[in-house]
Structure formats: C-alpha cells, structure tokens
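Let's take a walk around a protein model and look at its charges, its greasy spots and a couple of unusual backbone angles. Have the sequence and the 3D view ready as you read.

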Amino acid sequence: MTQMIEQHHSQEAKRVTYIGAWLDGILSVVKVAIGFMVGSAALIADGIHSLSDLVTDGFVLAAIHYGRQEPDIDHHYGHGRIETLTTLLLGSVLIFVAGGIAWSSLDRLFSGTEVGAPGMLAIIVAILALLSKEWIFRYTMRVAKRVNSKLLEANAWHSRSDALSTAVVLVALIGAQFGFGWLDAVAAIVVGLLVGKVGWDLLWESARELVDTALPEDVQQQMHDVACSVPGVDSVHDLRTRQSAGWVMVDLHVVVGPKITVSEAHEIGNEVSRRLRNGFPLLTDVIFHVDPEDDAGEGDPSRLPGLPLRPEVEAALNERWYRHPVWRTLSELQLHYLDDKVSVSLIIGDAVNQPPQCLASQLKSLASDIEWLGHVEILFITRAASNAP
C-alpha cells in the first residue's frame with residue numbers, strides 16, 4: 001500500500017512539473033521575442049528568467065525520479081536526501097535571483113536609465129505571463145502539500161519568484177508607458193527582498209534536515225505517549241527522530257518486563273511500531289530496542305564493559321556446582337541480565353527433597369567469589385509437567 005501511494009505521489013509530482021516546464025519554455029520564447037520586437041530590455045530579461053525556471057524544472061524532475069526510488073544496496077535508507085539537496089540548490093538559486101533583481105534595479109535607479117514606451121502588446125504579454133505563473137504556483141503548491149514534497153514546494157516558490165519579477169516588469173512597462181520609468185527599479189528592489197526571504201527559508205529548512213534536526217518537542221512527546229500506551233510497555237526512553245524529504249524516521253528504547261520471553265517482548269515492540277505508524281502517517285522507518293530495565297542516560301552499552309555470555313557463565317557455574325545435586329538434575333538454565341549482574345534461574349525435576357530457598361542459598365554460597373553473579377532462583381517442575389506434550 002505504501003509503495004502504491006509513493007508511486008501515485010511521484011506521478012503527481014512529475015505531472016505538475018512537466019506542465020510547469022512547458023509553460024516556462026513557452027513564456028521564455030514569447031517574452032524574449034516580444035521584448036526584441038518592442039525594444040524592452042526588461043521583458044527580455046524576464047524571458048531569460050523564465051528560461052532559468054525551465055532549467056530548475058529539469059533539476060526537479062531528476063530529483064523526483066531518483067529521490068523517490070526504493071532503497072538499494074548502496075542506499076539502505078532510500079534516496080530522499082536527493083530531494084533535500086535539490087531543495088537546497090533551489091533555495092540558493094532564489095537567493096541569487098533576488099540578488100540579481102535587486103542589484104540591477106539599484107543600478108538602474110542610480111544611473112537614471114531611460115525606459116521608452118513599450119506599447120500595449122508588451123503589457124498584455126506581461127499580464128498573461130503574470131497570471132499563468134501565479135496559476136502554476138498555486139497548482140504546484142497544492143500538489144506539494146498533498147504529496148508532502150519540500151522539493152515541489154521550493155519549485156512552486158521559484159515559480160512565484162518568476163511571477164513577482166514579471167509583476168515588476170509589468171510595473172516598469174506601465175510606468176514607462178506613462179513616463180515613470182523609475183518605478184521599475186523601486187518595485188524590483190522590494191520584490192528582490194521578498195524572493196530572497198523565500199530562498200533563505202528554503203535554504204534554512206533543507207540545512208536543518210541535512211543535519212538531522214529532530215521533530216518539535218510536542219510531536220516527540222506525542223510519540224512517547226503513544227508508545228507508552230501499549231500494554232506491556234513499562235516505559236520509553238532515548239526516543240530520537242529525524243527527517244528526510246518530508247518523511248520521518250524514529251528510533252526508541254522500549255522497557256518491558258525483565259523475565260518475559262523474547263518473542264513476547266518483540267511483539268510488544270511490533271505493536272509500538274504499528275501504533276506509531278497509525279498515529280503519524282509520515283513515519284517511514286521505526287526502529288525499536290527492547291530493554292528489560294530502564295537504562296536511560298547510561299550511554300551506549302557497546303562502549304561499556306559487558307557481562308559474560310552463556311558459554312562463559314555455564315563454565316564458571318559448572319566449575320563450582322558440578323557436585324551439587326541441583327546442577328546434576330538441571331533441566332534448563334535461564335539467564336537474566338539485570339542491574340549489571342547475571343541472575344540465574346535453574347529449572348529442575350522434583351528429585352531434590354529440599355526447599356528451593358535453601359538450595360538457592362547453597363548454590364549462592366558456593367559461587368560467592370563470582371562478582372557478576374546476581375540472584376539465584378530454583379524452580380521445580382513436576383513429572384506430569386515434564387511429560388506433557
């Protein structure tokens with residue numbers, strides 16, 4: 001189901017980008033041609049700006065194609081960061097476009113460049129271009145919100161920057177028609193600042209994503225509460241989040257009962273994962289670690305001294321208990337790694353006629369020199385239970 005949704009979103013994103021690319025190509029040709037016909041340098045420059053939009057449309061299409069591909073042998077977490085990098089590039093382009101608009105406008109303003117009357121044809125072309133770019137901006141933004149693509153959102157704002165620059169040209173053309181050519185420079189400076197602000201916002205958001213900025217604290221708390229609501233979960237800690245191309249990844253530690261089976265603990269973790277995915281549709285990757293006790297704040301256990309594993313434990317206990325009747329009638333040995341100790345549960349038949357507390361005390365005394373040995377527990381099984389199918 002998730003893969004089908006991804007394919008549908010990718011198709012929508014490509015469709016709106018192709019429409020925008022055709023529109024940019026037509027507008028760039030028309031603007032440049034009419035600009036040469038009426039002698040309007042502003043309209044020619046705006047046509048070149050539309051041509052730059054066509055180039056960025058190509059970047060977007062490439063990013064959508066490669067960024068939404070499934071994980072592969074070299075990219076285990078998918079290709080979503082391709083969209084993030086391209087959004088970063090588009091944000092940078094917007095800032096440069098804004099700088100170019102502002103710089104050229106300041107130059108025209110202080111140099112007192114005269115602008116001749118362009119005629120109604122140039123003004124009509126500018127109005128149509130403005131309306132079409134505003135339409136493609138709104139259309140692209142709707143699709144971007146629906147498919148949750150920061151890249152498409154960035155491209156939508158790039159279309160809006162072209163619409164704003166066309167508005168500047170329109171003001172310039174109308175002003176020149178009535179002898180107020182200086183209006184072009186003033187309006188362009190204002191638009192340049194607005195475009196620069198959009199570019200900076202996109203640049204900032206993409207940079208935050210690239211450095212694995214976490215989700216807002218209130219969202220993390222909601223995830224924590226959802227995980228804690230699962231039956232069998234004692235507590236949750238070390239919940240961490242990050243984002244990639246609008247999707248969210250989370251990993252967390254789930255504390256469960258210390259002596260439940262591995263399979264039960266794993267299924268509790270699976271239920272945590274299911275509820276998180278249901279509650280937060282943007283989650284694409286949930287990794288849980290099952291803990292038998294709360295070790296929050298104790299650091300990475302792989303960097304700390306470890307406790308002995310079963311072969312070493314059995315060898316040490318056999319060395320001290322091999323003569324004891326409990327050890328000789330042992331049916332099963334369970335190990336519990338709790339409180340930096342190895343607690344043991346010995347499951348035996350009912351052949352040893354002593355209280356289990358007494359037997360456990362004897363075994364504990366025989367192994368008193370083992371620093372890592374924790375609680376010792378004796379459990380009897382009846383013959384009926386041992387012979388049950």
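What follows goes through salt bridges, surface patches, one helix and one loop.

First, some ground rules. This is a predicted model, so local features need pLDDT of at least 70 and side-chain atom pairs count only at pLDDT 80 or more, while totals for chains, interfaces and linings use all residues. Residues are numbered from 1 along each chain as its sequence is written, and side-chain values use heavy atoms, with hydrogens and water left out.

**Salt bridges**

How many salt bridges does a search of the whole structure find? The search turns up 12. To count, a side-chain nitrogen of Lys or Arg has to sit within 4 Å of a carboxyl oxygen of Asp or Glu. Here are some of them:

| Acidic residue | Basic residue | N to O distance |
|---|---|---|
| Glu153 | Lys145 | 3.9 Å |
| Glu377 | Lys259 | 3.5 Å |
| Glu267 | Arg274 | 2.5 Å |

Take the pair Glu377 and Lys259. Glu377 is in strand β6 (residues 373–380) and Lys259 is in the loop between β2 (247–255) and α8 (262–279), so this salt bridge ties together parts that are 118 residues apart in sequence. Those labels come from DSSP runs, numbered from the N terminus: helices are H or I runs of at least four residues, and strands are E runs of at least two.

How covered are these residues? Buried means under 20% relative accessible area, exposed means over 50%, and partly exposed is in between, using a 1.4 Å probe and protein chains only. Glu153 is buried at 18%, whereas its partner Lys145 is exposed at 56%. Glu377 is partly exposed at 24%, and Lys259 is partly exposed too, at 46%.

Glu267 and Arg274 are both partly exposed, at 40% and 37%. They also belong to a network of salt bridges that links Glu267, Glu271, Arg274 and Arg275.

**A helix with two sides**

Now find helix α11 (residues 356–366), where Leu359, Ala360 and Leu363 are buried. Seen down the helix axis, the buried residues of α11 fall within an arc of 100°, so they line one face. That arc is taken from the directions from the helix axis to the C-beta atoms. Over on the other side of α11, Gln357 and Ser365 are exposed.

**Surface patches**

A patch is built from residues with over 30% relative accessible area and no salt bridge; like charges are joined within 9 Å, and nonpolar side chains (Val, Leu, Ile, Met, Phe, Trp, Tyr) within 5 Å. Tyr18, Trp22, Ile26 and Val30 make a nonpolar one, with about 470 Å² of accessible area together. Accessible areas come from the Shrake-Rupley method with a 1.4 Å probe. Trp22 belongs to helix α1 (residues 2–38) and is exposed at 65%.

There's a negative patch as well: Asp238, Asp294, Glu298, Asp339 and Asp340. Asp and Glu count as negative and Lys and Arg as positive, with His and the chain ends not counted. Each charge is placed at NZ of Lys, CZ of Arg, CG of Asp or CD of Glu.

**An unusual loop**

Where is Asp339? Asp339 sits in the loop between β4 (330–338) and β5 (341–348), and Asp340 lies in the loop between β4 and β5 as well. Asp339 is exposed at 61%, and Asp340 is exposed at 62%. Most residues other than glycine have a negative phi. Yet phi is near 55° for Asp339 and near 60° for Asp340.
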